[in-house]
Amino acid sequence: MFYQVLKYLLLGPLLRLVFRPRIEGLDHVPAEGAAIIAGNHLSFADHFVMPAIVPRRVTFLAKAEYFTGPGLKGRLTAAFFRGVGQIPVDRSGGRASQAAISSGLAVLRKGRLLGIYPEGTRSHDGRLYKGRTGVASMAIKAGVPVVPCAMIGTFEAQPTGRRLPRIMRITIRFGAPLDFSRYAGLEDERHALRAVTDEIMYEILALSGQEYVDTYAGEAKAAAQARARAHGRRGHGKESAD
């Protein structure tokens with residue numbers, strides 16, 4: 001009930017007013033049955049804008065940190081994300097990754113739409129990064145199509161660190177569903193998982209027109225932060241010497 005109120009009465013109309021989204025290829029999203037919508041991830045707003053325009057409910061796998069914040073703000077944030085259909089996942093890798101896949105498969109077994117960002121985290125610079133293979137594992141195990149999706153303009157509207165979005169028009173573009181039934185039974189084969197993931201990322205790239213970087217987003221973000229810290233230390237040292 002909370003989801004429907006947010007989508008159709010509160011959050012949905014507000015998002016349409018702020019972003020005036022141009023929608024392309026919405027007919028590619030199946031009207032019924034399980035499917036994965038795999039998209040690029042440029043902004044915090046992505047969690048809400050795309051589900052607001054898809055007629056069916058989309059359940060996203062969201063980072064666990066959204067559900068574990070301290071105090072009243074943390075509890076309200078957690079309640080909000082649960083209310084809009086988000087499922088918390090631990091992104092630390094290993095067994096946590098398998099738990100995330102199990103959570104996604106549970107959604108798909110109910111015949112629902114599962115939303116996922118194969119990059120694993122938001123792009124810090126607007127480029128498209130290498131995809132994690134969890135999306136491929138779920139697609140093969142569940143035997144469901146993957147609909148590629150590109151968010152265009154949300155990075156400019158609300159980049160990382162910006163609390164309130166700019167009022168501007170964005171584009172949401174869906175591609176034709178991808179069928180990976182030819183990989184049935186190969187969900188534990190590393191090369192098959194990488195091939196499927198790369199095909200999905202290629203389709204997202206074709207839709208978004210982003211620059212592609214063959215590195216994981218988390219690693220690139222960490223490297224950028226390390227360079228910034230090093231630059232800050234050098235700058236501080238130079239000021240001290242002067």
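**Helix H5 and what follows**

I began with helix H5 and noted its buried residues, which are Val135, Ala136, Ser137, Met138, Ala139 and Ile140. I was working from a predicted model throughout, and I read every entry below with that in mind. Helix H5 spans residues 134-142 and lies across E2, E3, strand E5 (113-116) and E7, and I noted that it runs at about 165° to E2. After H5 comes glycine 143, for which I found a positive phi, near 65°.

**The sheet**

Next I traced the strands and found seven of them in an open sheet of mixed pairing, in the order E1-E8-E7-E2-E5-E3-E4. The edges are formed by strand E1 (22-24) and strand E4 (86-89), each of which pairs on one side only. I also looked up the turn between neighbouring strands of this sheet, which is 25° on average when direction is ignored.

Helix H2 (residues 46-53) was the other helix I checked against the sheet, and I found that it lies across E1, strand E2 (35-39), strand E3 (58-63), E4, E7 and E8. Its angle to E8 is about 65°.

**Strand E7**

I then turned to strand E7 and asked how many of its seven residues are buried. The count is six, so I wrote the strand down as mostly covered, taking buried to mean under 20% relative accessible area.

For its pairing, I found that E7 (residues 146-152) and strand E8 (residues 171-174) run antiparallel and are joined by four bridges. Within this pair, cysteine 149 stands opposite phenylalanine 174 in E8. With E2, by contrast, E7 pairs in the parallel sense, over four bridges, and there I noted valine 146 in E7 as the bridge partner of isoleucine 36.

**Salt bridges**

I looked up the salt bridges next and found five in the structure. I kept in mind that side chains of opposite charge can pair when their charged atoms come close.

One of the bridges joins the side chains of arginine 173 and glutamate 24, at 2.6 Å from N to O. Because arginine 173 lies in strand E8 and glutamate 24 in strand E1, this pair ties together parts that are 149 residues apart in sequence. I checked the accessibility of both partners, and arginine 173 counts as partly exposed at 25%, while glutamate 24 counts as partly exposed at 29%.

A further bridge is made by the side chains of arginine 182 and glutamate 199, for which I noted 2.8 Å from N to O. Arginine 182 sits in the loop between E8 and helix H7 (190-208) and glutamate 199 in helix H7 itself, so the parts tied together here are 17 residues apart in sequence. Glutamate 199 has a relative accessibility of 26% and therefore counts as partly exposed.

Also in helix H7, I found a salt bridge between aspartate 198 and arginine 194, whose closest N and O atoms are 3.0 Å apart. I asked why these two residues are separated by about one helical turn. They are four residues apart in helix H7, which accounts for that separation. Is each partner buried or partly exposed? Aspartate 198 is partly exposed, with a relative accessible area of 35%, whereas arginine 194 is buried, with a relative accessible area of 19%. I noted that the value for arginine 194 falls under the 20% cut-off, so the residue is classed as buried although it takes part in a salt bridge.

Finally for the charged side chains, I recorded that Asp125, Arg127 and Glu211 are linked in a network of salt bridges.

**Helix H1 and the loop to E1**

My last entries concern helix H1 (residues 2-19), in which tyrosine 8 lies. I found that Tyr8, Leu9 and Leu10 make a nonpolar surface patch of about 350 Å². The relative accessible area of tyrosine 8 is 47%, so I wrote this residue down as partly exposed.

In the loop between H1 and E1 I came to arginine 20, which has a positive phi of about 45° although it is not a glycine. Arginine 20 counts as partly exposed, at 43% relative accessibility.

Key:
Residues numbered from 1 in each chain as written. Predicted model: local features only at pLDDT ≥ 70, side-chain atom pairs only at ≥ 80, totals over all residues. Heavy atoms only, no water. Patch = residues over 30% accessible without salt bridge, like charges linked within 9 Å, V, L, I, M, F, W, Y side chains within 5 Å. Areas by Shrake-Rupley, 256 points an atom, 1.4 Å probe, with all protein chains shown as cover. Salt bridge = Lys/Arg side-chain N within 4 Å of Asp/Glu carboxyl O. Buried < 20%, exposed > 50% of the residue type's maximum accessible area, 1.4 Å probe, protein only. Pairing = 2+ DSSP bridges. Axes fitted to C-alpha atoms, helices over the stretch in contact; angles between N-to-C directions. Contact = heavy atoms within 4.5 Å.
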